[in-house]
Amino acid sequence: MSTSLRSQEELAKQKQRIDASGLYFNVPPGDKDPIVYSPSYNISFLGMEKLHPFDSSKWGRVQKFLADEGVLNRKRIVEPVEATRDDLLVVHSEEYLDSLKCSSVVAQIAEVPPIALLPNFVVQWKVLKPFRKQVGGTVLSAKLAKERGWAINIGGGFHHCCATEGGGFCAHADISLAIQFAYTRLGITRVMIIDLDAHQGNGHERDFMNDDRVYIVDLYNSDIYPWDHEAKRRMNQSVTLKSGTKTDQYLELLSQALKKAEAIFKPELVVYNAGSDILEGDPLGRLLVTPEGVKQRDEIVFQFAKDQHAPILMLTSGGYMKTSARVIADSITNLGAKGLISLPSGGSVSASCCALK
Ligand SMILES: [Zn+2]
């Protein structure tokens with residue numbers, strides 16, 4: 001259900017849940033960098049992950065590349081708290097959460113049919129728990145972004161899931177949750193979602209259908225899943241791409257879209273859904289953006305947020321080829337080298353690291 005159509009009673013309950021949540025906790029700047037990750041993000045059991053075209057340990061591999069190369073200090077990574085049922089109810093319906101107690105529903109969402117044959121406690125433990133932990137990471141990242149100017153959750157970005165329905169490997173609406181928490185706990189009233197995963201972000205589009213505090217820019221391949229024409233109506237900018245779109249054209253369309261957004265909407269928080277399935281060779285995204293193009297894309301978005309003096313939180317979202325983790329790690333390293341984020345390897349604290357006015 002969209003927020004603006006909720007009853008007063010439901011809104012009061014939602015606020016109560018957000019206020020009582022343990023997902024926001026204090027992270028002292030001296031001890032930690034605003035990079036959020038947990039080893040329990042990764043899904044790996046019984047060889048099941050091999051049945052899916054996804055590299056379901058991508059998140060751990062991104063973290064390992066960055067740590068091994070000295071870009072990231074493991075001790076300074078922020079480990080989030082797993083989202084509880086009460087946290088998830090901030091956005092999701094009871095009926096939807098109950099439906100996940102049926103393994104066949106989860107199998108459909110995760111697109112791994114054999115999951116349907118497993119007892120639900122195994123599915124909860126091995127599939128849904130990692131997702132819930134990543135949701136906790138996305139929600140906390142918004143708080144860290146506001147405090148530090150930027151934050152990266154090495155996970156999350158489940159943009160096909162809305163309050164009442166999951167799909168496309170997305171079981172929980174982490175973006176919608178993070179924004180509801182930011183409204184209530186951070187006093188934020190204007191959020192820009194820049195969704196650059198190759199697929200349409202129909203989950204958050206449905207959740208914010210009647211909420212004009214959110215401005216949505218979505219660049220996506222309209223030839224592929226989810227073909228959600230109803231959700232498409234909610235986008236402020238719908239930039240449709242064709243299969244086979246190359247780097248130069250992609251970056252040009254992105255720059256144009258951000259220029260247009262800048263003139264219309266002044267965000268207090270940018271939620272950047274940075275799917276790497278735009279990469280050439282990705283069997284699901286079907287675009288032809290090079291690894292260098294992904295780096296440039298991320299740079300353009302972080303520079304945009306910096307110019308707007310808006311805190312930015314990045315989610316890694318889709319893109320699960322074996323090569324994706326390398327590209328994501330290289331891009332994060334590049335953001336540090338360019339001074340758009342501050343990491344131990346160098347790179348200065350960006351100008352966007354100021355509190356909101
Ligand atoms: Zn995608």
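Arg286 counts as partly exposed because it has 19 C-beta neighbours inside 10 Å, where 20 or more other C-beta atoms within that radius make a residue buried, 12 or fewer make it exposed, and C-beta atoms are placed from the backbone. The model is a predicted one, in which local features need pLDDT of at least 70, side-chain atom pairs count only at pLDDT 80 or more, and totals for chains, interfaces and linings use all residues. Residues are numbered from 1 along each chain as its sequence is written.

Arg286 lies in the loop between strand 6 (269-273) and helix 11, and although Arg286 is not a glycine, its phi is positive, at about 55 degrees. His309, in the loop between helix 11 and strand 7 (312-315), likewise is a residue other than glycine with a positive phi, near 55 degrees, and is partly exposed, with 17 other C-beta atoms within 10 Å. Most residues other than glycine have a negative phi, and most peptide bonds are trans. The peptide bond from Tyr225 to Pro226 is cis, with omega near 10 degrees, and Pro226 is found in the loop between strand 4 (214-221) and helix 9 (229-232).

Helix 11 (residues 291-307) also takes part in a helix pair, its axis coming within 10 Å of that of helix 10 (residues 247-264) and crossing it at roughly 10 degrees; the axes are lines fitted to C-alpha atoms over the stretch in contact, with angles from 0 to 180 degrees between N-to-C directions. Helix 10 is therefore roughly parallel to helix 11, a description given to angles under 35 degrees. Among the residues making the contact (C-beta atoms within 7 Å) are Leu251, Leu254 and Leu258 of helix 10 and Ile300 and Phe304 of helix 11.

In the largest nonpolar core, a set of buried Ala, Val, Leu, Ile, Met, Phe, Trp, Tyr and Cys residues joined through C-beta atoms within 7 Å, Val271, Tyr272 and Ile312 touch the most other members of the 107. Helix 6 (residues 120-148) gives the most to this core, with ten residues. Residues up to four places away in sequence aside, Val271 touches Ile175, Ala178, Ile179, Val191, Ile193 and Leu313.

Over the whole protein chain there are twelve helices and seven strands, which are DSSP runs numbered from the N terminus (H or I, at least four residues, for helices; E, at least two, for strands). Of its 357 residues, 52% count as buried.

Note on methods. Two residues are in contact if their C-beta atoms, placed from the backbone, lie within 7 Å. Angles under 35 degrees count as roughly parallel, over 145 as roughly antiparallel, 65 to 115 as roughly perpendicular and the rest as oblique.
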